[in-house]
Amino acid sequence: MAKRHQSLIPLAQDHHRGLILALRLQQGKESWTKPRMQEYRINAQEVVAFYEHDLKPHFAAEEQGLFPLARNLVKEAQGLVEELIADHRRLEQFVHHFRKPRGESLAHELFEFGKLLEAHIRKEDRILFPMFEEHASADVLAEAEKSIAQHSTQRPTITK
């Protein structure tokens with residue numbers, strides 16, 4: 001595997017944390033039963049907290065930093081970027097629902113959120129990032145690094 005360019009490292013680190021959550025949500029599906037609904041509500045709250053602290057600034061860094069550069073730089077990236085933005089909106093819809101979880105479908109929805117999050121991250125890591133790195137000049141990579149860093153540091157403080 002090729003080394004990731006330093007401009008994309010903050011996003012790649014976010015992806016690592018996202019994959020941990022995605023895989024955890026997917027692994028528990030077989031053992032999810034109705035008596036465990038309280039546990040699923042806690043999982044839904046964890047997803048909401050993860051969204052607010054990690055995904056929301058990550059999506060902003062991609063949509064305002066990386067995606068416009070990728071669109072302008074690589075014609076083949078335009079459709080992929082639109083697909084990735086659609087994934088962001090779908091993940092946000094899940095999070096909106098998880099804010100007030102109800103119903104017996106919560107376990108399935110948590111699983112589906114995890115599945116979508118994993119697939120989304122894999123598309124970025126395996127397709128978009130290498131495509132961008134291959135076509136970007138040093139100036140474009142520096143611009144991406146600056147923009148991504150600006151948005152990646154805008155995370156809310158967690159208070160308990």
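I'll start with one residue, R17: it is partly exposed, with a relative accessible area of 35%. R17 forms a salt bridge with D14, and the closest N and O atoms of the two are 2.3 Å apart. D14, by contrast, is buried, at a relative accessible area of 7%. Both residues sit in helix α1, which covers residues 9-27, and they are 3 residues apart, about one turn of the helix. Keep in mind throughout that this is a predicted model.

Now the chain as a whole. How many helices and strands does the chain have? There are 5 helices and 0 strands. Read from the N terminus, the order of elements is α-α-α-α-α. The chain has 160 residues, and 46% of them count as buried. The exposed area is about 8900 Å², with carbon and sulfur atoms supplying 53% of it. If we take the contacts with a separation of 6 or more, 80% of them are between residues 24 or more positions apart.

Back to the salt bridges. The count for this model is 13, and I'll show two more of them.

The next one is between K123 and E83, with the closest N and O atoms 2.8 Å apart. This pair links distant parts of the chain: K123 is in helix α4, residues 106-135, E83 is in helix α3, residues 77-98, and the two are 40 residues apart. Which of the two is buried, and which is partly exposed? K123 is buried, with a relative accessible area of 17%. E83 is partly exposed, at 38%.

The other one stays within a helix. The side chains of E118 and R122 meet in a salt bridge, at 3.3 Å from N to O. Both lie in helix α4, 4 residues apart, about one turn of the helix. E118 counts as buried because its relative accessible area is 18%, under the 20% cut-off. R122 has 26% relative accessibility and counts as partly exposed. Elsewhere, D14, R17 and D54 are joined into one network by salt bridges that share partners.

Some charged residues have no such partner. E62, in helix α2, residues 37-73, is one example. E62 is buried yet has no salt bridge. How far away is the nearest side chain of opposite charge? That side chain is R89, and the distance is 8.5 Å. What E62 does have is a polar contact of 2.7 Å between its side chain and that of H58. Leaving out residues up to four places away in sequence, E62 touches L11, H15, F67, P68, H88, H120 and E124.

E109 is another example, this one in helix α4. E109 is buried and has no salt bridge, and its nearest side chain of opposite charge, R90, is 7.4 Å away. Which residues does E109 touch, not counting those up to four places away in sequence? They are F94, H97 and F98.

Next, the nonpolar residues. As a general point, in soluble globular proteins nonpolar side chains tend to be buried together. In this model, the largest nonpolar core has 22 residues. The members that touch the most other members are L8, L11, L66, F67, L128, F132 and I148. Helices α2, α3, α4 and α5, the last being residues 138-152, each supply at least two residues of this core. F67 is worth a look on screen: beyond its neighbours within four places in sequence, F67 is in contact with E62, V81, L84, I85, H88, E124 and L128. So much for that core. Apart from it lies another core, of 21 residues, among them V47, F50, F59 and I121.

F50 brings us back to the residue I began with. F50 is in helix α2, and with a relative accessible area of 14% it is buried. Which residues does F50 touch, not counting those up to four places away in sequence? The contacts are R17, G18, L21 and L55. F50 and R17 are 33 residues apart along the chain, and their C-alpha atoms are separated by 9.4 Å.

To recap, with the model on screen: the chain has 5 helices and 0 strands, and there are 13 salt bridges. E62 and E109 are the buried residues to look up that have no salt bridge. The largest nonpolar core has 22 residues, and another core, of 21 residues, lies apart from it.

Definitions and conventions. Residues numbered from 1 in each chain as written. Predicted model: local features only at pLDDT ≥ 70, side-chain atom pairs only at ≥ 80, totals over all residues. Heavy atoms only, no water. Buried < 20%, exposed > 50% of the residue type's maximum accessible area, 1.4 Å probe, protein only. Contact = heavy atoms within 4.5 Å. Areas by Shrake-Rupley, 256 points an atom, 1.4 Å probe, with all protein chains shown as cover. Lys, Arg positive; Asp, Glu negative; His and termini not counted. Salt bridge = Lys/Arg side-chain N within 4 Å of Asp/Glu carboxyl O. Polar contact = N/O pair within 3.5 Å; in protein donor to acceptor, adjacent residues only side chain to side chain. Core = buried A, V, L, I, M, F, W, Y, C linked by side-chain atoms within 4.5 Å.
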